[in-house]
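Here are some short exercises to work through with the model open beside you. Try each task yourself before reading its solution.

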Amino acid sequence: LAAPKYEYKNYTIPAGIENIAEGAFATIESLESLVITSDVKNIFKYAFKNCPNLTSVILPTSEILIEEAAFEGCQKLTTIENMDSLTYFAPYVFANTAITNVSIDNAVIAEGAFSNITRLDTVTIGANTEIGKYAFANNSNLVNVTINTNEIGAYAFENCTKLQSLD
């Protein structure tokens with residue numbers, strides 16, 4: 001599906017595509033915004049890893065599985081629409097991005113899913129959510145966390161040095 005020399009800029013996954021292969025768009029510099037259509041059911045690991053200019057992603061509101069590190073290292077990625085439709089956040093799926101706030105309810109957050117995000121400052125976790133180990137580790141600007149769950153993995157907030165509120 002991906003062609004490294006193509007100028008993607010604002011790209012919409014074409015209708016009829018159900019799977020985005022492992023590493024399919026990894027490291028593509030021209031990709032700036034992405035719309036993932038409702039036909040997509042699976043985004044395999046590393047699919048968009050290290051896309052240096054990707055700033056926004058619109059996910060479908062339908063069920064979708066996003067695998068390990070699919071968006072890891074997209075250091076300009078600030079906006080992910082429809083994140084609340086996800087029920088599973090794979091290991092390191094959004095690690096090393098530029099997300100500023102996260103609000104999750106009724107989901108599983110795997111190891112390191114939101115780790116190493118220097119701009120993340122607010123996290124809200126609703127009921128029936130499982131937080132895996134190191135899920136939010138090394139977020140140097142994380143200040144406020146609201147949690148309404150009892151399932152918190154080891155070191156989930158390790159090295160969050162500015163954390164002031166854990167409610």
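**Exercise 1: A small sheet**

Task: find the order of the strands in the open sheet and say which ones stand at the edges.

Solution. Three strands make up an open sheet, ordered β2-β4-β6, and their pairing is parallel. Because β2 (19–20) and β6 (65–66) each have a single partner strand, they stand at the edges, with one side of each left without a neighbour in the sheet. Strands here are DSSP runs (E, at least two residues), numbered from the N terminus, and two strands pair if DSSP finds at least two bridges between them. Next, look at one pair: β2 and β4 (residues 42–43) are joined in the parallel sense over two bridges. Within that pair, I20 has I43 of β4 as its bridge partner.

Before you go on, note that this is a predicted model: local features need pLDDT of at least 70 and side-chain atom pairs count only at pLDDT 80 or more, while totals for chains, interfaces and linings use all residues. Residues are numbered from 1 along each chain as its sequence is written, and side-chain values use heavy atoms, leaving out hydrogens and water.

**Exercise 2: Two loop residues**

Task: locate S30 and A98, and decide whether each is buried or exposed.

Solution. Start with S30, which lies in the loop between β2 and β3 (31–35). Its relative accessible area is 11%, so S30 is buried (under 20% is buried, over 50% exposed, partly exposed in between, with a 1.4 Å probe and protein chains only). Beyond its neighbours within four places in sequence, S30 contacts Y6, E7, Y8 and K9 (contact means heavy atoms within 4.5 Å).

Now turn to A98, in the loop between β8 (88–89) and β9 (101–104). A98 has 3% relative accessibility and therefore counts as buried. Not counting residues up to four places away in sequence, A98 touches several residues, including C74, L77 and I117.

**Exercise 3: Looking for disulfides**

Task: find how many disulfides the whole structure has, then check C51.

Solution. The search of the whole structure gives zero disulfides (a disulfide is a pair of cysteine sulfur atoms within 2.5 Å). C51 is in no disulfide, and its nearest cysteine sulfur, that of C74, is 4.8 Å away. Finally, check burial: C51 counts as buried at 0% relative accessibility, and C160 counts as buried at 9%.

Terms used. Helix = DSSP H or I, 4+ residues; strand = E, 2+ residues; numbered from the N terminus.
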